[in-house]
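Trainee: I should be grateful for a close look at a single part of this protein, set in the context of the whole chain.

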Amino acid sequence: MRLVNTVLRYESSARPWGRLLEIAADNFPDTLADLTLLRSRGVKLELRVNDDRASYFVTLLGSDVHVVEAERSAQGRIPLSQPLAALAADSQEHEAADGRKLARDVAVGTLTLRYARSLCEGFGFESFDVELARYQAEIGKSKAVAKKRPR
């Protein structure tokens, strides 16, 4: 059985809802009206990160979601799981970019490693460690080259 961590900062955040509506408008136009209705009714959007931090799940939480899904199913329309899966993939890319930025900030000394790690905890920033090692190697290499240059 896999453990799934809930990333609470996404529950009420405007960015995921905004992105979900953009994704729906671009790729799933028949879902846009339903998602807009759910948002207006205060339905929470929750992002969950798998314990292996390689996958994300997005769910809508609220009694209205079941009503909307039942209506969509009765009409033979695609389930809301498809735009939610697209948002999960989009969120994963966003989290990876955040992980790279934090790693860069640590490598150049604008953030402490401890503080950056605390920001990464629970958010699936798999890219952080890889990018930090890469940035540190690049900086070390640049410093070594700079020391060898005659002044």
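Mentor: Let us begin with E71, which is found in helix α3. The model is a predicted one, and every value below is computed from it. At 42% relative accessibility, E71 counts as partly exposed, because that category runs between 20% and 50%. Its C-alpha atom lies 10.0 Å from that of D34, although the two residues are 37 positions apart in sequence.

E69 also has its place in helix α3. With a relative accessible area of 25%, E69 is likewise partly exposed. The C-alpha atoms of E69 and D34 are 9.1 Å apart in space, across 35 residues of sequence. Setting aside neighbours within four places, E69 is in contact with P79, L80 and S81.

R72 belongs to helix α3 as well, and this helix spans residues 63-74. What is the burial state of R72? R72 counts as buried because its relative accessibility is 0%, and the cut-off for that label is under 20%. A polar atom of the R72 side chain lies 2.8 Å from the backbone oxygen of I78. I78 also appears among the contacts of R72 beyond four places in sequence, together with R77, P79 and L80 on the one hand and D30, T31 and D34 on the other. D34 is thus a contact of R72, and D34 is also the residue to which the C-alpha distances of E69 and E71 were given. P79 and L80 are in contact with E69 and with R72.

The surroundings of this helix can now be described. The largest nonpolar core has 21 residues, and those with the most contacts inside it are W17, L20, L35, L38, L45, V58 and L60. Helix α3 supplies at least two residues of this core, as do α1 (14-27), α2 (29-40), β2 (44-50), β3 (56-61) and α4 (81-108). The largest share, five residues, comes from α1. For V58, the contacts outside four places in sequence are L45, E46, L47, L84, L87 and A88.

Apart from that core lies another, of nine residues, which includes A103, A107, C120 and L132. L132 lies in helix α6, residues 127-148, and is buried, with a relative accessible area of 6%. Beyond its neighbours within four places, L132 is in contact with A103, V106, A107 and L113. The C-alpha atoms of L132 and K101 are separated by 9.4 Å, with their positions 31 residues apart along the chain.

Aromatic residues deserve a brief remark. A search of the whole structure finds zero aromatic pairs. R134, however, lies over the face of Y135, at 4.7 Å from the ring centre.

Finally, the chain as a whole. The protein chain has six helices and three strands, arranged along the sequence as β-α-α-β-β-α-α-α-α. Of its 151 residues, 33% are buried. Among contacts with a separation of 6 or more, 65% join residues 24 or more positions apart. The chain exposes about 9,100 Å², of which carbon and sulfur atoms supply 55%. Helix α3 therefore holds R72, which is buried at 0% relative accessibility, alongside E69 at 25% and E71 at 42%, both partly exposed.

Methods:
Residues are numbered from 1 along each chain as its sequence is written. This is a predicted model: local features need pLDDT of at least 70, side-chain atom pairs count only at pLDDT 80 or more; totals for chains, interfaces and linings use all residues. Side-chain values use heavy atoms; hydrogens and water are left out. Helices (H or I, at least four residues) and strands (E, at least two) are DSSP runs, numbered from the N terminus. Buried means under 20% relative accessible area, exposed over 50%, partly exposed in between (1.4 Å probe, protein chains only). Contact means heavy atoms within 4.5 Å. Accessible areas come from the Shrake-Rupley method with a 1.4 Å probe; for residues, only the protein chains shown count as cover. A polar contact is a pair of N or O atoms within 3.5 Å; within protein, one must be able to donate a hydrogen and the other to accept it, and residues adjacent in sequence count only if both atoms are side-chain atoms. Rings of Phe, Tyr and Trp (its six-membered ring) pair if their centres lie within 6.5 Å; planes under 30 degrees apart count as stacked, over 60 as edge-to-face and the rest as tilted. A charge sits over a ring if NZ of Lys or CZ of Arg is within 6 Å of the ring centre and within 35 degrees of the ring normal. A nonpolar core is a set of buried Ala, Val, Leu, Ile, Met, Phe, Trp, Tyr and Cys residues joined through side-chain atoms within 4.5 Å.
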